[in-house]
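Morning, everyone. I have one short structure to walk through today. Let me put it on the screen.

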Amino acid sequence: MTVNSIYPTPVTRYDPLAQVVIVEHRNPDTGKLSYQEPTADVVRNDDENALAIHPPAALPVKKTAATDDTAKPDRAGSISLLV
């Protein structure tokens, strides 16, 4: 890992759709992506395959107070704090 730079490298991130950890190597001075493991093509392909197997419309949607227009608060204007 490069320490004396503006942009630390390598950087890891997680792609939840492809379910893969991506290691990105960047130019420490400019921050421009030099290369990544796995490649962007592989991650894109994994994302497309995941969407083909589990399209977004097939995922169940949970109704919550934020998404349900009929939800009524138990106590209007109250705030609960857990200590």
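I'll go from the whole chain to the sheet, and then to a single glutamine.

One caution before we start: this is a predicted model.

First, the overall layout. The protein chain has one helix and three strands. Read along the sequence, the pattern is β-β-β-α. So much for the order of elements; now burial and surface. The chain has 83 residues, and 14% of them count as buried. Its accessible surface comes to about 7100 Å². Carbon and sulfur atoms hold 58% of that surface. On contacts, take the ones with a separation of 6 or more. Residues 24 or more positions apart account for 15% of those.

Now the sheet. The three strands form an open sheet in the order β1-β2-β3, with antiparallel pairing. The edge strands are β1 and β3, and each of them pairs on one side only. Strand β3 covers residues 33–37. Neighbouring strands here are turned by 30° against each other on average, ignoring direction. As a reminder, strands of a sheet pair through backbone hydrogen bonds, either parallel or antiparallel.

Take the two pairings one at a time. Strand β1 is residues 11–15, and strand β2 is residues 20–26. Those two are antiparallel over five bridges. At the turn end, look at Asp 15: its bridge partner in β2 is Val 20. The hairpin of β1 and β2 has four residues between the strands. One residue to note there is Gln 19, which takes a positive phi near 55°.

The second pairing is β2 with β3. This one is also antiparallel, over four bridges. Here Glu 24 has Gln 36 as its bridge partner in β3.

That brings me to Gln 36, in strand β3. Is its side of the story buried or exposed? Gln 36 has a relative accessible area of 10%. The cut-off for buried is under 20%, so Gln 36 counts as buried.

What does Gln 36 touch, beyond its neighbours within four places in sequence? The list is Arg 13, Ile 22, Val 23, Glu 24 and Val 43. Glu 24 we have just met, as the bridge partner. Arg 13 falls within the residue range of β1, while Ile 22 and Val 23 fall within that of β2.

There is also a polar atom to place. A polar atom of the Gln 36 side chain lies 3.1 Å from the backbone oxygen of Pro 38.

That's my tour. Questions, please.

Terms used
Residues are numbered from 1 along each chain as its sequence is written. This is a predicted model: local features need pLDDT of at least 70, side-chain atom pairs count only at pLDDT 80 or more; totals for chains, interfaces and linings use all residues. Side-chain values use heavy atoms; hydrogens and water are left out. Two strands pair if DSSP finds at least two bridges between them. Buried means under 20% relative accessible area, exposed over 50%, partly exposed in between (1.4 Å probe, protein chains only). Contact means heavy atoms within 4.5 Å. Accessible areas come from the Shrake-Rupley method with a 1.4 Å probe; for residues, only the protein chains shown count as cover. Axes are lines fitted to C-alpha atoms, for helices over the stretch in contact, and angles run from 0 to 180 degrees between N-to-C directions. A polar contact is a pair of N or O atoms within 3.5 Å; within protein, one must be able to donate a hydrogen and the other to accept it, and residues adjacent in sequence count only if both atoms are side-chain atoms.
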